[in-house]
Amino acid sequence: MKVSFGTFLRSQFAKQPPVLKADLAGKTVIVLGANTGLGFEASKHFGSMNPGRLILACRSQSKGEAALEKLKSATGYTKAELWLIDLSDFESVKRFADKFERDGGRLDILVENAALSTPKFQPTKDGWESSLYVNDLATPLLAFLLLPAMIKTAERYSVIPRIVVVASETHYWVTLDKKVLQSPNILKTMGSSEYCTKDTMANRYPLTKMINIFFVRAFNDRLPVSTPLVIDAVNPGLCKTELMRDVKGFMAMIFGALMNVLAFTAEEGSRQLVFGAIAHPDKPDGLRGQYLSACRIFEVSDFILSPEGVKAQDRIWNELVEILGDFDSRVPAIVDQYLTRSKV
């Protein structure tokens, strides 16, 4: 599928469907990036559905505490919890997952919303380009480490947990270039300082969102049909959030003008996150591995569906498991136990 700029414009002016509602009594919801923007608005929606537990996963203690107070004031929900996580640090992700494992509770919905967009190369302490690390390495790491808890929840409570990964329609406008595809390791090449020139960084955010979709599709392809779990990718559209806060100068003026004319509110965009988490409760399997936008299933980009894209998807999956396994040996063990390894 191709999406032109005109199609994008029409979608931004379209009226958004109302937010879905469900009874979340007794269920546990985790929302990443929950202190602001899409994550906070989604948390407000979930809070209004009276979940047994609502965990706001945030990087900042002070901003997280402020979000708790605002959520309580807006919804009357008083049981929300603040858990700290820094997706620019694998150790922080591991601590978060270990804490949840010690807690021993159920996990019904994991909304992986946190995302980073940077206009230039900024290395993590491990030397990776930061937006690739946050969006495409740390985000899957948390999903892998929490997968056993979600499977146990499904078995113990006869429910179908969901993982919702926030993607973007911008993935339609990018492909992986030949230098990346011909390299021995796609992710390590894309994350290196040598590759991350000013020109390549111009498309970095949509490429990380395309890799999010690769992850969702590869995960679902390897998830046995008998496993009661749904993973999907959602597109919130262009929204007024803090995502582009690092963009400065003339480009900031351009993005600001686009936001004023075209952007949805964060609340409108958050409805897509909620849709991915609770839509079609009677037939949730129809959402497995799907890309969702405007509360509907859409076909992904032609590149993702092409033979070249399918091969890249399998390579990225194998690289991801290896990279994350080098950090935490539980990752390949979890993949071996719950998911089918690719033979590519």
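The largest nonpolar core of this predicted model has 74 residues, and Phe144, Leu176 and Phe219 are the ones that touch the most other members. A nonpolar core here is a set of buried Ala, Val, Leu, Ile, Met, Phe, Trp, Tyr and Cys residues joined through side-chain atoms within 4.5 Å. Buried stands for under 20% relative accessible area, exposed for over 50%, and partly exposed for anything in between (1.4 Å probe, protein chains only). The top contributor to this core is helix 5 (residues 130-157), with 15 residues. Helices (H or I, at least four residues) and strands (E, at least two) are DSSP runs, numbered from the N terminus. Apart from the largest core lies another one, of 35 residues, and Val31, Leu54, Leu71 and Ile109 are among them.

Phe219 is worth a look of its own. Leaving aside residues up to four places away in sequence, Phe219 touches Phe144, Leu147, Ile163, Leu229, Ile231, Trp317 and Leu339, where contact means heavy atoms within 4.5 Å.

A word on how to read these values. Residues are numbered from 1 along each chain as its sequence is written, and side-chain values use heavy atoms, with hydrogens and water left out. Since this is a predicted model, local features need pLDDT of at least 70 and side-chain atom pairs count only at pLDDT 80 or more, while totals for chains, interfaces and linings use all residues.

Next come the strands, starting with strand 1 (residues 28-32). In strand 1, 5 of the 5 residues are buried, so the strand is largely enclosed by the rest of the structure. In a regular strand the side chains alternate between the two faces of the sheet. Here, Thr28, Ile30 and Leu32 point one way from strand 1, while Val29 and Val31 point the other way, and all are buried.

Strand 2 (residues 53-58) tells a similar tale: 6 of the 6 residues are buried, so this strand too is largely enclosed by the rest of the structure. Arg53, Ile55 and Ala57 point one way from strand 2, with Leu54, Leu56 and Cys58 pointing the other way, and all are buried. Strands 1 and 2 run parallel and are joined by 5 bridges; two strands pair if DSSP finds at least two bridges between them. Thr28 has Arg53 of strand 2 as its bridge partner, and Leu32 stands opposite Ala57 in strand 2. To get from strand 1 to strand 2, the chain passes through helix 2 (residues 37-47), and this β-α-β crossover is right-handed. Right-handed means that, with the strands pointing away from the viewer, the path from the first strand over the helix to the second runs clockwise.

Strand 2 also runs parallel to strand 3 (residues 80-84), again with 5 bridges joining the two. Cys58 stands opposite Leu84 in strand 3. Helix 3 (residues 61-75) goes with strand 2 and strand 3 to make a right-handed β-α-β unit. As for strand 4 (residues 109-112), 3 bridges join it to strand 1, and the two run parallel. Val29 of strand 1 stands opposite Ile109 in strand 4.

On to the charged residues. Side chains of opposite charge can pair when their charged atoms come close. The structure holds 13 salt bridges, each one a side-chain nitrogen of Lys or Arg within 4 Å of a carboxyl oxygen of Asp or Glu. One of them links Asp98 with Lys94, with the closest N and O atoms 3.1 Å apart. Both residues sit in helix 4 (residues 90-103), 4 residues apart, or about one turn of the helix. Asp98 is buried at 15% relative accessible area, whereas Lys94 is partly exposed at 26%.

Arg330 forms a salt bridge with Glu101, the closest N and O atoms being 3.4 Å apart. Arg330 lies in helix 14 (residues 330-338) and Glu101 in helix 4, so this pair ties together parts that are 229 residues apart in sequence. Arg330 is partly exposed at 27%, and Glu101 is exposed at 57%. Arg330 also meets Asp328 in a salt bridge (2.7 Å, N to O), and Asp328 is buried at 5% relative accessibility. Through shared partners, salt bridges join Lys94, Asp98, Glu101, Asp328 and Arg330 into one network.

Finally, the cysteines. The count of disulfides comes to 0, a disulfide being a pair of cysteine sulfur atoms within 2.5 Å. Cys196 is buried at 8% relative accessible area, and Cys295 is buried at 16%.
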